[in-house]
Amino acid sequence: MSERDLLMIPGPINFDPGVLRAMSAPTAGHTAPEFVALFGETLDWMKQVFLAPSGTPFVIAGSGTLAMDIAASNLVQASDRVVQISTGYFGDRMVNIFERYGAKVTTLRADVGDVVALDLVDAELARVKPKVLAMTHVDTSTGVCVDVHAFAELGRKHNALVVVDGVCSVGGMELQQEAWGVDVAFTASQKAIGVPPGLALLVASPRALESFKKRESPVASYYSDWANWLPIMEAYLARKVAYFGTPAVNLVYALHESLRQILAEGMDKRVARHKKMSDAFKAGVNAIGLKQVAVRPDVAATTMTAPYFPDGIDAKVIGKIRERGVVVAGGLHSAIRERYFRVGHMGVISPADISATLSAIEGALLASGYKFDVGAGVAASEKAM
Ligand code: PMP
């Protein structure tokens with residue numbers, strides 16, 4: 001990849017130069033007073049970005065899968081019941097993780113591209129009475145988003161802890177953790193949070209921590225165990241030193257700068273900007289005749305888009321898009337892997353990035369022999385901008 005290529009995959013994303021500069025500062029010791037102050041402020045800002053003023057934030061070195069592991073291993077004990085709403089590859093991964101810790105999981109799925117109906121989830125929650133209701137806000141394998149607010153309300157009604165994988169949503173789509181009654185929300189640094197890969201970011205509600213404290217068996221994963229991390233996060237929140245595992249100091253610098261930028265933009269404005277960029281991109285792909293995996297606009301994410309290839313075109317077109325300086329991702333969902341591609345539009349995404357990406361897609365389709373009105377995609381997106 002050339003340094004000038006535009007990285008438009010659904011994570012990692014293009015990073016803001018200021019965030020990258022923050023990351024390159026000389027590494028302080030993790031007990032240095034200036035680092036303690038910076039980490040403490042970062043944790044305060046995490047609560048603001050997750051909209052969880054009473055929550056406890058965790059910033060731990062690892063990828064998003066570690067955040068999934070932390071949520072599952074701390075909340076369930078052997079034989080606990082879990083209901084998982086799965087809308088793709090990452091929902092299915094969460095099922096595997098819950099099962100690894102001994103949970104009995106009921107997985108609710110709809111057809112690829114759709115979300116299971118509310119009344120069906122309501123009925124299953126009444127039947128199963130699970131300890132945990134889990135869902136993926138945006139499944140990055142399909143670009144399908146679920147109505148977290150409505151499902152969390154059902155989880156609450158049936159007294160389940162609500163867990164949301166927000167890896168492809170937090171910082172880009174609306175997720176009001178506390179107001180919506182979400183007990184654990186998590187993400188990874190490399191998506192809409194806008195920090196290079198390497199941090200698992202999670203916020204736990206008081207209810208989640210209460211449930212954790214009532215556990216009868218120890219958490220099976222030593223590294224994920226909140227018993228190890230809770231005193232550390234509480235210490236940094238109080239601007240005190242504590243040690244369990246060395247924090248990823250330079251990634252925390254980057255996170256501090258990125259959260260500062262996110263809060264300076266404002267959560268509402270940021271969510272609205274992501275929606276605008278998404279609407280413009282989707283208008284473009286629609287105008288050139290590409291259907292999306294998400295079956296309806298109300299189940300389509302605004303952080304990414306997953307378009308099907310048109311008839312007669314296959315994944316080779318991805319290479320042609322790349323030759324034009326734009327990097328998009330191939331399919332991931334096993335049922336449709338060869339039939340679609342994925343484009344991320346989150347973080348510092350700008351109108352110019354959307355236009356350049358659509359233009360590269362159009363050029364690649366033209367070079368692949370697809371018959372369409374060249375320029376229609378860019379024009380439709382400009383009109384929607
Ligand atoms: N959940 C979702 C929705 C994701 O998109 C991803 C990563 N693409 C993960 C979990 C896992 O994150 P990671 O690859 O950082 O382990």
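**Figure 1. Helix H3 and the shell around the ligand.** In this predicted model, helix H3, which spans residues 64-75, gives the most to the shell around the ligand, contributing three residues. The full set of residues around the ligand is Ser-63, Gly-64, Thr-65, Met-68, Phe-90, Thr-136, Val-138, Thr-140, Asp-165, Val-167, Gln-190 and Lys-191. Sorted by class, this shell holds six polar, four nonpolar and two charged residues. The ligand itself sits in the second largest pocket.

**Figure 2. Polar contacts of the ligand with Thr-65, Gln-190 and Lys-191.** In the side chain of Thr-65, an N or O atom lies 2.5 Å from an oxygen atom of the ligand. For Gln-190, the distance from a side-chain N or O atom to a ligand oxygen is 2.9 Å. Lys-191 faces a nitrogen atom of the ligand instead, with a polar side-chain atom at 2.7 Å. The ligand taken alone exposes 390 Å², and the protein buries 86% of that area.

**Figure 3. The salt bridge between Asp-114 and Arg-296.** The two side chains meet with an N to O distance of 3.3 Å. Asp-114 is in the loop between strand S4 (104-109) and helix H5 (118-128). Arg-296 belongs to the loop between helix H10 (267-287) and strand S11 (304-305). The pair thus links distant parts of the chain, 182 residues apart. The model has a count of 14 salt bridges.

**Figure 4. The cis peptide bond from Gly-11 to Pro-12.** Omega for this bond is near -5 degrees. Pro-12 is placed in the loop between strand S1 (6-7) and helix H1 (17-23). For comparison, most peptide bonds are trans.

**Figure 5. Backbone at Leu-51, a residue with positive phi.** Phi of Leu-51 is near 55 degrees. The residue is found in the loop between helix H2 (33-49) and strand S2 (56-61). Most residues other than glycine have a negative phi.

Key. Residues numbered from 1 in each chain as written. Predicted model: local features only at pLDDT ≥ 70, side-chain atom pairs only at ≥ 80, totals over all residues. Heavy atoms only, no water. Near = heavy atom within 4 Å. Polar contact = N/O pair within 3.5 Å; in protein donor to acceptor, adjacent residues only side chain to side chain. Areas by Shrake-Rupley, 256 points an atom, 1.4 Å probe, with all protein chains shown as cover. 1 Å grid on protein atoms, 1.4 Å probe; cavity = no way out; pocket = protein on both sides within 12 Å on 5 of 7 lines; lining within 4 Å. Sits in = over half its atoms within 2 Å of the grid points. Helix = DSSP H or I, 4+ residues; strand = E, 2+ residues; numbered from the N terminus. Nonpolar A, V, L, I, M, F, W, Y, C, P; charged D, E, K, R; others polar. Salt bridge = Lys/Arg side-chain N within 4 Å of Asp/Glu carboxyl O.
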